[in-house]
Amino acid sequence: MKKQLLIIPLIFFLSILLIFFYLLIIDRNPSELPSALLNKKVPKFETMSLLEEEKFISSKVFGNKIQLVNFFATWCKPCRDEHDYIKRFSNEEGIDVIGVNYKDNEQKVLAWLKELGNPYSNIAIDKNGRIAIDWGVYGIPETFIINSKGIIKYRHVGPITQKIYKKINLIINEIE
Amino acid sequence: MVNKNFLFNKIFASIIICIIQFFPINVYGVDPDEILKNEKQELRARNISENIRCMICQNQSIDESNAPLAKDLRVLIRNQIKEGKNNEEIYKFLTDRYGDFILLKPPLKFNTLALWILPFIFFIIGVFFVFYHNKKSEKF
């Protein structure tokens, strides 16, 4: 009986090893955090629009169709890297993409969009980063999927890659 | 004589450096222009900031971090204190946006129960094994 008890630490140790091994092999990015805003309404905000004369009013922009919201800046290198995918979302998939320009310079953004192409139907200007805080953004680029009722369904932190591009398309098809 | 002095200085400097290692060097991210004039309010802001995780560095509080987002949040907390919001309201404001992860100390909830209780269970298991082992050796 006593000898049998001694096997418990060994089993315990092996099960911990197994858990660690499992966490190691599953496809997981530990620095990526789930959004606290999932399944919640888009935060309300009003700001200047980069492309239009009218003000950018969130309640008017969101809630009519499935949309992507992309937080970006010209000083952010990964934003440039993912820009082709953002363009593919709007050109190939026909998804309405809203940009939120984070702590940037308007002239630089206009030049940047002229150079790389503009996939955004509207761009909200977040001069001091306050809008981003309301969205729980902590590292741009970040991309949100909004459903036709104006509810946040998914958040991706970091640049969009081929894999994420496919994943986002899948999610959009699911919620449709 | 000169050599002796030199040696003494060297030893003295080494001892000082060794002693310094024992004192934690507190590096704060707070910029002078952020600090509130009202000392009580500033102290509250510091206490809250120490409990808030810098989402970019993840293992630092926003009080210690110089990341731009940490600064934004520090200023935001100070503005909310000036507006007369209480601590609970400020914590709620932050967790509503960034989730419980933004708190350096996880709250006691159903899904964090294991985090809080397992260490005690492991401790009890450990104590059990130590006593069990001792009992066995007494026989010899």
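# Group meeting: the sheet of chain A and a helix pair in chain B

I would like to start in the middle of chain A, where strand S3, residues 67-72, and strand S6, residues 142-146, pair in the antiparallel sense over five bridges. Within that pairing, A:Leu68 in S3(A) has A:Ile145 of S6(A) standing opposite. Please keep in mind throughout that this is a predicted model.

On its other pairing, S3(A) runs parallel to S4(A), and six bridges join these two strands. There, A:Val69 is the residue that stands opposite A:Ile98 in S4(A). As a general point, strands of a sheet pair through backbone hydrogen bonds, and they may do so either parallel or antiparallel. If we now step back to the whole sheet, five strands of chain A form an open arrangement in the order S5-S4-S3-S6-S7, and the pairing is mixed. Strand S5, residues 122-126, and strand S7, residues 152-157, stand at the edges with a single partner strand each, so one side of each is left without a neighbour in the sheet. Neighbouring strands of this sheet are turned against each other by 20 degrees on average, if direction is ignored.

How many of the residues of S3(A) are buried? The strand is mostly covered, with six of its six residues buried. In a regular strand, side chains alternate between the two faces of the sheet. In S3(A), A:Gln67, A:Val69 and A:Phe71 point one way, while A:Leu68, A:Asn70 and A:Phe72 point the other way, and all of them are buried.

Let me move along to S6(A) and S7(A), which also pair in the antiparallel sense, again over five bridges. A:Ile145, which we have already met opposite A:Leu68, stands opposite A:Tyr154 in S7(A) as well. S6(A) and S7(A) form a hairpin with five residues between them, and in the turn A:Gly150 has a positive phi of about 80 degrees. Helix H7 of chain A, residues 162-175, lies across S6 and S7, and the helix runs at about 175 degrees to S7(A).

The hairpin also brings us to A:Val42, which lies in the loop between helix H2 (7-25) and strand S1 (46-47) of chain A. Is A:Val42 buried or exposed? With 23 C-beta neighbours inside 10 Å, and with 20 or more being enough to count as buried, A:Val42 is a buried residue. Leaving out residues up to four places away in sequence, A:Val42 touches A:Ser58, A:Phe62, A:Ile146, A:Gly150 and A:Ile152. The C-alpha atoms of A:Val42 and A:Lys149 are separated by 9.5 Å, although the two residues are 107 residues apart along the chain. As another pair of residues distant in sequence, A:Ile57 and A:Lys153 are 96 residues apart along the chain, and their C-alpha atoms are separated by 20 Å. A:Ile57 belongs to strand S2, residues 56-57, of chain A, and A:Ile57 is partly exposed, with 14 other C-beta atoms within 10 Å.

Next, some backbone details that you may wish to look at for yourselves. Most residues other than glycine have a negative phi, and most peptide bonds are trans. A:Asn39, in the loop between H2 and S1 of chain A, has a positive phi near 65 degrees, and with 9 C-beta neighbours inside 10 Å this residue counts as exposed. A:Lys103, in the loop between strand S4 (96-102) and helix H5 (106-116) of chain A, has a positive phi of about 40 degrees although it is not a glycine, and with 16 C-beta neighbours inside 10 Å A:Lys103 counts as partly exposed. A cis peptide bond, with omega about 0 degrees, joins A:Ile140 and A:Pro141, and A:Pro141 is found in the loop between helix H6 (130-134) and S6 of chain A.

Finally, I turn to chain B. The contact between the chains takes nine residues from chain A and 11 residues from chain B, and the side of chain A that touches chain B has five nonpolar, three polar and one charged residues. Within chain B, helix H2, residues 39-51, and helix H3, residues 68-82, pack at an angle of about 135 degrees, with their axes 10 Å apart. That angle makes H2(B) oblique to H3(B), and the crossing of the two helices is right-handed. From H2(B), the residues B:Gln41, B:Arg44, B:Ala45, B:Ile48 and B:Ser49 meet B:Arg74, B:Ile77, B:Arg78, B:Ile81 and B:Lys82 of H3(B). By class, this contact has four nonpolar, two polar and four charged residues.

Notes: Residues are numbered from 1 along each chain as its sequence is written. Chains are lettered from A and ligands numbered from 1 in the order in which they are written. This is a predicted model: local features need pLDDT of at least 70, side-chain atom pairs count only at pLDDT 80 or more; totals for chains, interfaces and linings use all residues. Helices (H or I, at least four residues) and strands (E, at least two) are DSSP runs, numbered from the N terminus. A residue is buried if 20 or more other C-beta atoms lie within 10 Å of its own, exposed if 12 or fewer, and partly exposed in between; C-beta atoms are placed from the backbone. Two residues are in contact if their C-beta atoms, placed from the backbone, lie within 7 Å. Two strands pair if DSSP finds at least two bridges between them. Axes are lines fitted to C-alpha atoms, for helices over the stretch in contact, and angles run from 0 to 180 degrees between N-to-C directions. Ala, Val, Leu, Ile, Met, Phe, Trp, Tyr, Cys and Pro count as nonpolar, Asp, Glu, Lys and Arg as charged, and the others, Gly among them, as polar. Angles under 35 degrees count as roughly parallel, over 145 as roughly antiparallel, 65 to 115 as roughly perpendicular and the rest as oblique. A crossing is left-handed if the near helix is turned anticlockwise from the far one by less than a right angle, and right-handed if clockwise.
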